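Student: Can you take a close look at one spot in this model for me, then work outward from there? Keep it chatty, but I'd like the geometry spelled out.

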Amino acid sequence: MDHDEILELTGDKNAAVPEAVSRRGFFKLGAAGAAGFALSRTLQSQDKPAESKPPAPQPADIKTNVDEIRAIPRTKDSMPGKFPGRVVKLDTGPVMADGKVDAARVEKAVARGMAELTGESDPAKAWSLFVTPQDVVGIKINPIGGKTISTKPEVVDAVIAGLRAAGVPKANIVIWDRRLHQMLDAGFTAERFPGIALAGTEMRGPNNDFYDEAGELWAKDNIDRGAKFYFADLEMAYNKNLLAAMINQGKESYFTKLVTQKVTKVINVPVLKNSGGTVTLCLKNLAYGALSNTSRLHKIWAKSVAEPNGFPYLRDKVVLNIVDALQAQYDKGPGANPQFVYDAGLMMFGTDPVAVDAVAHEYLVKVRVEKGVQQFDVARNREYLDLAAGLSLGVASGDKINLAEVALG
Amino acid sequence: MSALTTAAALAAGFWLAVQGRLPSPLLPPASELPGGWTVASPPEIYEKEGLYGYINGGSEVFLQYDFRRVDVGRYRKDEAGRTKDITLDVFRMGSDREAFGIFSVQREGGERSLDLGGAPNWTTPSQASLAAGPVFVNIIGVETSAEDMVEFLRLMGKRLADAGNPPFRPEGRAGPWTGLPRRDLQEDTLRYLQGPLAAQGESEILAAPFWGFGSGTVGASARYSPDSRKLVLLEFPAAPGGLLELVRGVFAQHLAEVKAEGSVLEGKSRAGQVFLFGERGRRAALVFGKKDGGGARALLAEALK
C-alpha cells in the first residue's frame, strides 16, 4: 500500500499541519460557547435529593451477533497465533530519565522480548515468523492518554525496526488508531515518522472539522458498511459532536476499512492502564479501536471488549501483541490521570492477546492492592477474558499460560 | 439582524477565534494566562454523552455524577528548549454536590493544596484539580513544573470565585457525610459517592447490584487516623430489607473467617485486612481496617450511633 492509498482512506492531507480555526469550526464552537453562557446562569448551587430509579437492564440480557462468527473458518494466523498461551514479561530496568525515554534501551528490550517469545535471537528471523515483505502491516497504538500515558513513539520505532528487518517496506507500514487527532497529540506525526503512513478512522478534514461543507462526516467512508459488523441490541442517541467520534449510530458497529480492506497483518501495541479493577489492554485496544459506534458498548463492557476480536478482520490479522508498560497507570483509568502514572519498567510480548491480558490483569491488580486502591480481585473483572477464551481467541487461566519472566539486565 | 450586523458579528467572532478567545465562559483567555503561556488551540466543548468523544470509557463515572458539559482549553509555553503543555478541563456538573463528588473520587488524599477561599483543591507538578459551585476543574500538564500548576490552579480558583461559584462545604449540608464521625477524620480523603462506579472504586464489595447505587443509594467515605482505616457510610432511599444476608453472601464470596456478632458482620481478606459491616434504618456502614480489628469495630459503632 502506498502513502496515497492511506491518504485516500483517511482524507488526511493535513496530518502534520498545525490546526487552524475554520469558519465552520468557529460557527460550531461559537454556538456552543453561547449556550455555555446561558448554562452558567442556570447552574447554581443546589442540593438534589437522591432519586429512586429502576435498575438498568443487565449486560447479560443484551443480545449480540457473536454466534454468527463462530463458524467462520480459521486461518493459520488466527488468534491465539503461533504461540498460544505464551507470554513474555520483560523487566526493562530503568528506561525513563527526566521524562525522556531511553530509545536505545527500548530497542534492546523489544529485541530481547521477541527473542524470548520466538526462540530466534536474530531479529530478522524473529519478525519474519509474523510478517512477510508483501504484507501491509498496521501498528495499532493507543494514543488516548496524550503525552501523559499513550503508546510511546520509541516503542513504535523499535517495532518498525523489526518489521524493516523482516523486509517490510516502509511504504507498507501504517500506524493507526481510531482517532487521528489523538495520534497527533500523542506525538505520532508525519515529521516524527517520515515515510510511514498515519491513519485514523475518525478524523478532521482539510477544513479542520469532522464535517465537510455539505455537513457530511469526513470519516463516513472510513468504515466498512459492506463487511460483517458487530451487532449489539442497544443504542444511544448521539448529538452532532459525539456522532463525529462515533461515525454512525444505531445497533451496528462497523469495522474500519483499515482492518477489513487495507492491512494484511496487525501488530498491537497497547499501553497498560487500569479500567476499574481490571486492565484496558490488548483486547480493548483492538475492539474499541477498530469499531465505530462504541459509546453504547460500554454498557456491555466485557462482551464488547471480547467479542469483536472474534471477527476475522481482527482474529486472523493480529499476529503479535507488544505491551508498552514502560509507564503504566494503576487507577482512575482509562483516562489519563498523571498522579496514578508510574514507571513500571515492563514490556510484554505474546501472540495470544487473552493470555497477555490475563497476565497484565494479575500484575496490575497486585499493584492496585499494594497501593491500597483495591482490596482483592473479583471474577466479574475477568469476565471479558473468559468470554474471549470461550471464542478460542486465547487462554485465560493461569495454569494454561506459559509465562516467561525475564530481565533485560 | 441586518446583513451588515451579522457580518460584523461574524468578523468579530472570527477575530476572537483566531486569538484563542472564543466565548467559553470559564476558560481563561490569552490575556489572563501566566507569563509566557499561549492558547494552543480553540476550546473544545462536549456535552452530556458527547463526553465519550473526549474521554471515551472514562466518561461513565462523570455521567453518573450528572455531567452536563466540559470546556477543554489547551495551552502551551516554550521554555529552555522544551515545550510545556497544559490541558484544562472545566466540567459543569448537575450541582455543587456532584462537582464536589467527582472531585473527591479523583483524589487520593495527602496531596498539596492551596488556600483558594475554601474551594477544595490539590496540585502536583503534572496535575491539579479543584471544585467550586457546580464546576470541577482538572488540569493536566506535560513537562510542567509545580509552579506552573500552582499558577493555573490559582487562576482557575479566582475565575470560578469571580463567576459566583461558592465552595461546597459539606458541613451544614444534608448528605451521607453527616454521619461520618469527625474525630480522627482525614479531611482531604472525604468522598461523596454517587453511582455504581464511584461505589465500586471504594471496594469491590460495593459492586453488587443490591446496594442500589444505580437507583438512588448514595454514600460518603473517609479515611481515619492513625492507620488510615476507611469508613464508607451508605444512605438508602428507603430502609432495605434482608441486607445483612445479602452482604453475608458477598463477604463469604470474597473474604475468609466471615462471622456475625449481633448485627455486625466481620471478615478478613487474604492480606489480613478486616472488613466490617453494620446497618441501622436507612443507613449502613462498612469499615475496611488494617489488622487492628478493635479500632475498626469502634469506628463502625460510632458511625452507626
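**From one loop outward**

Tutor: Let's start with Leu129(A), which sits in the loop between helix H4 (123-128) and strand E4 (137-141) of chain A. Keep in mind that this is a predicted model. Is Leu129(A) buried, exposed or partly exposed? It counts as partly exposed, because it has 18 C-beta neighbours inside 10 Å, and a residue needs 20 or more to be called buried. Leaving out residues up to four places away in sequence, Leu129(A) touches Lys82(A), Thr118(A) and Glu120(A). There's also a long-range relationship to look at: Val319(A) is 190 residues away from Leu129(A) in sequence, yet their C-alpha atoms are 9.4 Å apart in space.

Now follow the chain from that loop into E4(A). This strand pairs with E5(A) in the parallel sense, over four bridges. If you want a specific pair to click on, take Ile139(A), whose bridge partner in E5(A) is Ile175(A). What about the surroundings of E5(A), residues 173-179? Seven of its seven residues are buried, so the strand is largely enclosed by the rest of the structure.

Over to chain B, then. It has eight helices and 13 strands, and its C-alpha atoms fill a box of roughly 80 × 45 × 35 Å along the principal axes. Of its 305 residues, 50% count as buried. If you filter the contacts of chain B to a separation of 6 or more, 57% of them come from residues 24 or more positions apart.

Chain B is divided into domain 1 (22-162) and domain 2 (176-303). Their centres, taken over C-alpha atoms, are separated by 31 Å. Where they meet, 13 residues of domain 1 of chain B are in contact with 13 residues of domain 2 of chain B. On the domain 1 side of that contact, helix H3 (59-64) and helix H4 (96-105) of chain B each supply at least two residues. H4(B) gives the most to that side, with six residues.

Next, some strand pairings in chain B. Strand E1 (38-47) and strand E2 (67-79) run antiparallel and are joined by seven bridges. One pair to look for is Thr38(B) with its bridge partner Arg76(B) in E2(B). On to E3(B): 12 bridges join it to E2(B), again antiparallel, and there Val70(B) stands opposite Phe91(B). E2(B) and E3(B) make a hairpin with two residues between them, and Ala80(B) in the turn takes a positive phi of about 50 degrees.

E3(B) also leads us to helix H5 of chain B, residues 146-162. This helix has 17 residues and reaches 24 Å from first C-alpha to last, close to the 24 Å expected at 1.5 Å a residue. Its buried residues are Asp148(B), Met149(B), Phe152(B), Leu153(B), Met156(B), Gly157(B) and Leu160(B). Why do they share a side of H5(B)? Because they cover an arc of only 165 degrees around the axis. What covers them includes strands E3 (82-93), E4 (121-123), E5 (127-132) and E6 (135-142) of chain B. Swing round to the other side of H5(B) and you'll find Glu147(B) and Asp162(B) exposed. Just after the helix, Gly164(B) has a positive phi of about 80 degrees.

Last stop, an open sheet further along chain B. Seven strands form it in the order E7-E8-E9-E13-E12-E11-E10, with antiparallel pairing. The edge strands, each pairing on one side only, are E7 (191-194) and E10 (256-261) of chain B. From one strand to the next, the twist averages 15 degrees. At the E10(B) edge, four bridges join that strand to E11(B), residues 264-268, running antiparallel. Glu261(B) stands opposite Val264(B) in that pairing. Packed on the sheet is helix H7 of chain B, residues 243-254, which touches E10, E11, E12 (274-280) and E13 (283-289) of chain B. The direction of H7(B) makes about 5 degrees with that of E11(B).

Terms used: Residues numbered from 1 in each chain as written. Chains lettered and ligands numbered in written order. Predicted model: local features only at pLDDT ≥ 70, side-chain atom pairs only at ≥ 80, totals over all residues. Expected span 1.5 Å × (residues − 1). Buried ≥ 20, exposed ≤ 12 C-beta atoms within 10 Å, placed from the backbone. Arc of directions from axis to C-beta. Contact = placed C-beta atoms within 7 Å. Pairing = 2+ DSSP bridges. Axes fitted to C-alpha atoms, helices over the stretch in contact; angles between N-to-C directions. Domains from an automatic or database assignment.
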